[in-house]
Amino acid sequence: MSSKTQSIVWIKKPLAVFAENAEVGVVIQGEKILELVPQGQSPKSQIDEVYDASDSVLLPGLINTHHHFYQTLTRAYPEALNKELFPWLKSLYKVWANIQPEMISVSTELALSELLLSGCTTASDHHYLFPSQLESAIDIQVEEAKKLGMRVVLTRGSMSLGEKDGGLPPQSVVQTKEQILSDSERLIKTHHDKSDGAMIQIALAPCSPFSVSTDLMIETAELAKQHDVRLHTHLAETIDEENFCLEKFGLRTVDYLESVGWLSDQTWLAHGIHFNKEEIQKLGQAGVGICHCPTSNMMLASGICHSLELEEAGSIIGLGVDGSASNDGSNMIAELRQAMYLQRLRYGASKITHQKAYHWATKGSAALLGRNDIGEIAVGKQADLALFKLDEMRFSGSHDALAALLLCGAQKADRVMVAGNWKVVDGCIVGQDSSELISRHSDAAKQLRQLSSI
Ligand SMILES: [Zn+2]
């Protein structure tokens with residue numbers, strides 16, 4: 001580590017901060033938070049550099065716990081517009097089957113950049129497309145995350161139940177159980193870092209009950225246990241999925257999950273909408289986590305997650321933007337606003353506060369990923385921070401700065417720090433030519449459409 005990153009930096013007197021006892025700022029040394037400075041006090045450490053944060057709201061770096069980076073190539077895709085999940089997926093699977101390795105690089109780079117610019121410092125991706133040309137998809141994603149210096153939890157997704165076996169995806173995108181398990185083990189051995197402050201982690205993530213076999217669900221859980229990595233999948237997103245599970249397995253979604261050995265605190269689920277009262281209790285008691293994806297749930301008209309009942313039962317709630325074909329953005333700070341407002345429709349305004357949304361996107365999301373080194377501005381945690389300025393027209397006239405970020409609809413962080421390094425300065429990613437990236441990415445998206453219409 002360079003001496004520069006070991007210098008002691010005081011992020012001084014933020015306009016507002018989402019943390020206890022840090023009103024006068026945060027002191028960083030290397031990749032960690034060294035000290036919080038409470039009201040009326042000064043830092044106890046010898047300070048090398050001061051960053052004046054008096055015009056900025058300071059948040060722990062936001063954590064996105066569900067995404068599909070490759071879907072940035074099929075945003076607002078004509079054949080998928082105005083559809084619900086199953087017909088939407090069927091329109092897109094055949095397009096995604098044509099994705100090429102260089103398209104994985106550029107879509108990962110773009111999605112991570114979009115997230116970073118919106119204050120996100122850790123992102124999880126669920127990549128489950130492995131046609132023959134994409135066997136190295138996760139390795140490519142690892143390289144892109146390293147180049148950007150973002151923290152990632154890349155989940156090795158899978159699909160093994162093609163149309164000929166009664167599943168939803170076409171045969172060209174499914175793999176055998178043996179291929180999936182051996183590649184999952186290879187990826188864990190190659191890339192998974194268990195240490196405190198890890199930048200790259202791997203989790204295992206069969207796509208959904210309607211796209212993998214029962215054996216694969218069971219053996220994936222066994223492999224995850226053997227290597228102490230987490231489990232992730234989509235569950236209870238739609239009623240179509242519930243009907244599929246009843247018809248195919250004779251079980252509702254949560255009973256199915258239990259039957260394959262997945263009801264544990266090592267599992268986090270994307271969406272988790274269609275649960276009855278008994279299922280919520282069962283999930284809570286097992287400590288299964290839920291990633292709420294509000295925009296995607298609204299866009300596909302899937303339903304509204306029972307976040308508070310799940311929390312009361314014992315589940316952790318975190319947030320995710322979901323894939324960029326069902327959002328169609330990767331803006332994490334905007335997703336907090338969506339979560340707050342969608343959940344207010346279910347629980348009312350007084351129970352779903354802006355603090356609740358911040359909590360879900362930081363400490364909640366960190367816990368979903370099994371991390372206690374991120375998600376909080378506290379001594380000893382990783383220095384992952386996002387600073388937002390309130391200098392746009394949309395904030396003019398606002399009074400409570402922390403509330404204003406969400407209520408006035410913040411879109412863009414001014415500065416973002418990952419592991420003690422500034423990655424975003426003045427609203428731009430350090431060292432990145434964003435026009436060049438957009439041009440490469442949009443060319444890849446056009447090329448994918450061409451390949452898919454041949
Ligand atoms: Zn998803």
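Donors are the N, O and S atoms within 2.8 Å of a metal such as zinc. With that word in hand, let's tour this predicted model.

**Stop 1: the zinc ion**

Select the zinc ion, then show the side chains of His 66, His 68, His 234 and Asp 322, which coordinate the zinc ion. Each histidine offers its NE2 atom, while Asp 322 offers OD, and the distances run from 2.1 to 2.3 Å. Along the chain, the donors of the zinc ion follow the spacing H-x1-H-x165-H-x87-D. Now colour two of these residues: His 68 sits in the loop between strand S7 (62–64) and helix H2 (85–96), and His 234 sits in strand S11 (residues 231–235), so the pair ties together parts that are 166 residues apart in sequence.

Are His 68 and His 234 buried or exposed? His 68 is buried, with a relative accessible area of 2%. His 234 also counts as buried, at 7% relative accessibility.

If your viewer can display angles, try the 4 donor atoms: the angles among them go from 88 to 171 degrees, and the site is irregular. The site misses the tetrahedral label because that label needs all angles between 85 and 135 degrees.

**Stop 2: the largest pocket**

Next, select His 192, Gln 201, Leu 369, Gly 370 and Arg 371. Of the 17 residues that line the largest pocket, these are the closest to its centre. The volume of the largest pocket is about 280 Å³. Which strand gives the most to this lining? Highlight strand S10 (residues 200–206), which supplies 3 residues. By character, the lining of the largest pocket has 5 nonpolar, 6 polar and 6 charged residues.

**Stop 3: the second largest pocket**

Move on to the second largest pocket, with about 230 Å³ of space. Select Ala 221, Lys 225, Leu 231, Ser 264 and Gln 266, the closest to its centre among the 14 lining residues. Then show helix H6 (residues 214–227) as a ribbon: 5 residues, the largest share of this lining, come from helix H6. Here the lining divides into 7 nonpolar, 4 polar and 3 charged residues.

**Stop 4: strand S3 and its partners**

Now for some strands. Strands of a sheet pair through backbone hydrogen bonds, either parallel or antiparallel.

Select strand S3 (residues 25–29), where 4 of its 5 residues are buried. Add strand S1 (residues 8–12), which pairs with S3 in the antiparallel sense over 5 bridges. Then add strand S4 (residues 32–37), which also pairs with S3 in the antiparallel sense over 5 bridges.

Zoom in on Gly 25 in S3. Which residues face Gly 25? Gly 25 is the bridge partner of Lys 12, and Gly 25 also stands opposite Val 37 in S4. Finish here at the hairpin of S3 and S4: there are 2 residues between the strands, and Gly 30 takes a positive phi near 60 degrees.

**Stop 5: an open sheet**

For the last view, show the open sheet of 6 strands, whose order is S2-S6-S15-S16-S17-S18, with mixed pairing. Which strands stand at the edges? They are strand S2 (16–17) and strand S18 (428–429), each with a single partner strand, so one side of each is left without a neighbour in the sheet. At the S18 end, strand S17 (residues 421–425) pairs with S18 in the antiparallel sense over 2 bridges. Select Val 425 and Cys 428 to see one such pairing: Cys 428 in S18 is the bridge partner of Val 425.

Methods
Residues are numbered from 1 along each chain as its sequence is written. This is a predicted model: local features need pLDDT of at least 70, side-chain atom pairs count only at pLDDT 80 or more; totals for chains, interfaces and linings use all residues. Side-chain values use heavy atoms; hydrogens and water are left out. Donors are N, O and S atoms within 2.8 Å of the metal (3.2 Å for Na, K and Ca); water is not among the atoms, so sites may look incomplete. Four donors count as tetrahedral if all angles lie between 85 and 135 degrees; four count as square planar and six as octahedral if opposite donors are over 155 degrees apart and all others between 65 and 115; anything else is irregular. Buried means under 20% relative accessible area, exposed over 50%, partly exposed in between (1.4 Å probe, protein chains only). On a 1 Å grid over the protein atoms alone, a cavity is a set of points where a 1.4 Å probe fits but cannot get out, and a pocket is an open set with protein on both sides within 12 Å along at least five of seven lines; lining residues have an atom within 4 Å of a point. Grid points are joined across faces, edges and corners, and a volume is the space filled by probe spheres set on the points. Ala, Val, Leu, Ile, Met, Phe, Trp, Tyr, Cys and Pro count as nonpolar, Asp, Glu, Lys and Arg as charged, and the others, Gly among them, as polar. Two strands pair if DSSP finds at least two bridges between them.
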